[in-house]
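Colleague: Please take a close look at the polar and charged side-chain pairings in this model, and set each of them in its surroundings. A connected account would be most useful.

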Amino acid sequence: MTKNERIISGFSKLNRSQRIDLIGDRLGLDEASRLVLDNFLHQNPSTQALFEEFSENFLTNFFMPMGVVPNMVVNGKSYIVPMVIEESSVIAAAARAAKFWASLGGFRARVAGMVKKGQVHFTWSGKAEYLTKVFPVLKEKMLAATEELTSRMRQRNGGIIAVELVDKTEGLENYYQVDVSFETADAMGANFINSCLETMAAVLVDELNNPERKGEASVIMSILSNYTPDSLVECWVECDINELAPFSGKLKPEEFARKFEMAGSIAQLDVSRAVTHNKGIYNGVDAVVLATGNDWRAVEACGHAFAASNGNYRSLTFAQIDGNRFRYTLRLPLALGTVGGLTKTHPVSKLALELLENPNAETLMMIAAAAGLANNFAAVASLTTVGIQQGHMKMHLTNILNQLGANTEEKSACVQYFSDKNIAYAEVEKYLNQIRSANA
Ligand code: MEV
């Protein structure tokens with residue numbers, strides 16, 4: 001095949017069955033694979049059409065399980081929290097931790113801010129002093145140009161809240177930013193922010209390149225920033241140390257609390273552990289973010305940058321022991337929305353928000369943080385007591401059995417047999433073969 005023959009042109013213009021034929025012919029897909037593509041289409045044509053509109057080059061729907069965590073008490077209110085996640089132990093772990101903390105008053109949470117930012121990145125060949133001098137007038141003109149765009153958002157107490165000129169010429173010749181802060185009420189606000197920025201960029205170029213100009217301005221790009229450290233949520237739990245007994249396994253609660261605290265300190269110190277520790281937090285956070293139709297890539301990218309904001313990547317949680325009290329806190333940036341985007345157009349996201357009793361963005365941020373803290377608490381508690389594999393492999397048993405093609409009877413026989421044993425793939429396979437030969 002020549003280089004040009006390998007390039008597929010006009011793919012997006014093909015209809016779905018033409019796309020499947022093209023791919024099928026090229027890759028030699030058999031009937032069974034083609035059937036998978038058809039089997040996952042939605043039976044309701046209008047729902048199916050909706051899914052096809054979400055993305056380009058559609059082939060089929062990709063299913064993920066959605067489960068719920070009951071008893072997630074946040075600031076005194078009990079939520080049934082929908083989570084979309086494929087890792088079998090995550091919901092079980094969150095549910096166990098949520099129920100435990102519910103019995104102790106639940107999670108406390110507060111939102112420290114909901115400010116988002118965007119930037120017009122531009123170059124200016126003239127003097128920095130000239131920009132500084134004209135910026136106040138320029139700023140008013142840029143703001144005036146966005147009046148129409150921001151009017152509805154202002155009615156919802158959002159809009160543009162600050163506009164600043166930032167001189168970045170030390171890092172890059174002639175490089176400046178217009179740094180804009182926004183509040184977007186209950187919306188994620190990406191389109192709103194980007195539209196405002198592009199409008200401001202056009203004014204900037206027009207104004208700076210005027211006939212009496214003292215240099216040349218050129219816009220490089222205008223885009224929101226997914227780094228939202230000022231959209232910050234803090235979530236914590238606390239109890240007397242002896243109340244930790246249900247999670248302390250064979251350890252005394254005091255010993256467990258010390259080990260837990262030490263595990264937290266390790267995650268503050270060591271990047272290899274910190275990444276895994278934070279991954280455990282995002283098991284919960286992402287599952288809520290995904291269920292509610294929010295952008296989990298933005299949430300993750302921002303959270304990890306925040307975790308590294310002092311120069312070393314560290315854990316997003318910290319444990320404190322003060323006398324007889326144990327307190328565990330999570331601080332993370334979360335820019336979430338409950339209107340716009342996929343939140344209400346995806347039928348299951350809409351339902352997920354209904355299950356949460358249609359929270360505003362601020363409440364959703366606190367619930368997602370609580371899910372993150374619940375998962376992380378459960379993970380670190382297991383790690384510092386019985387180890388992670390016991391719980392993990394129990395849940396993983398079903399996956400192994402599915403991989404081995406076990407039927408319903410075989411599954412229940414295996415679940416019973418392994419209820420008091422260590423689970424490993426080879427052992428499950430061995431036992432399954434035993435049952436099969438006995439029944440042959
Ligand atoms: C697995 O998905 C998450 C954990 O590795 C998190 C952790 O180690 O803290 C169990």
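Modeller: The side chains of Lys141 and Glu207 meet in a salt bridge, with 3.1 Å from N to O (a salt bridge is a side-chain nitrogen of Lys or Arg within 4 Å of a carboxyl oxygen of Asp or Glu). Lys141 belongs to helix 6 (residues 128–145) and Glu207 to helix 8 (residues 190–208), so the pair ties together parts that are 66 residues apart in sequence. Helices (H or I, at least four residues) and strands (E, at least two) are DSSP runs, numbered from the N terminus. The model is a predicted one, in which local features need pLDDT of at least 70 and side-chain atom pairs count only at pLDDT 80 or more, while totals for chains, interfaces and linings use all residues. Residues are numbered from 1 along each chain as its sequence is written, and side-chain values use heavy atoms, with hydrogens and water left out.

Both partners of this bridge are partly exposed: Lys141 has a relative accessibility of 37%, and Glu207 one of 29%. Here buried means under 20% relative accessible area, exposed over 50%, and partly exposed in between, with a 1.4 Å probe and protein chains only.

The structure holds 18 salt bridges. In another of them, Arg34 is paired with Asp25, and the closest N and O atoms are 3.7 Å apart. Arg34 counts as buried because its relative accessibility is 17%, whereas Asp25, at 60%, counts as exposed.

Helix 12 carries a bridge within itself. Lys350 is joined to Glu354 by a salt bridge whose closest N and O atoms are 3.7 Å apart. The two residues are four apart in helix 12, which is about one turn of the helix. Lys350, with a relative accessible area of 37%, is partly exposed, and so is Glu354, with 41%. Elsewhere, Glu238, Asp240, Arg325 and Arg327 are joined into one network by salt bridges that share partners.

What, then, are the buried residues of helix 12? In this helix, which spans residues 347–355, they are Ser349, Ala352 and Leu353. They are on the same side of helix 12 because they cover an arc of only 95° around the axis, the arc being that of the directions from the helix axis to the C-beta atoms. Their cover includes strand 1 (66–74), strand 2 (77–84), helix 10 (271–291) and helix 13 (361–383). In the loop between helix 12 and helix 13 lies Glu357, whose phi is near 65°, a positive value in a residue other than glycine. Glu357 is partly exposed, with a relative accessible area of 48%. The loop between strand 1 and strand 2 holds Asn75, where phi is near 50°, again a positive value in a residue other than glycine. At 30% relative accessibility, Asn75 counts as partly exposed.

Two asparagines show how uncharged side chains take part. Asn375 is found in helix 13 and counts as buried, at 4% relative accessibility. Its side chain reaches the backbone oxygen of Val90 at 3.0 Å; a polar contact is a pair of N or O atoms within 3.5 Å, and within protein one must be able to donate a hydrogen and the other to accept it, while residues adjacent in sequence count only if both atoms are side-chain atoms. Residues up to four places away in sequence aside, Asn375 touches Met83, Val90, Ala93, Ala94, Gly280, Asn283 and Gly284 (contact means heavy atoms within 4.5 Å). Asn194 lies in helix 8 and is buried, with a relative accessible area of 18%. A polar atom of the side chain of Asn194 lies 2.8 Å from the backbone nitrogen of Leu224.

Asn283, one of the residues that Asn375 touches, leads to the ligand. The residues around the ligand are Glu87, Arg273, Thr276, His277, Lys279, Gly280, Asn283, Ala379, Leu383 and Ile388, each with a heavy atom within 4 Å of it. An N or O atom in the side chain of Glu87 is 2.5 Å from an oxygen atom of the ligand. For Lys279, a polar side-chain atom lies 2.6 Å from a ligand oxygen atom, and for Asn283 the corresponding value is 2.9 Å. Taken alone the ligand exposes 300 Å², of which the protein buries 88%; accessible areas come from the Shrake-Rupley method with a 1.4 Å probe, and for residues only the protein chains shown count as cover.
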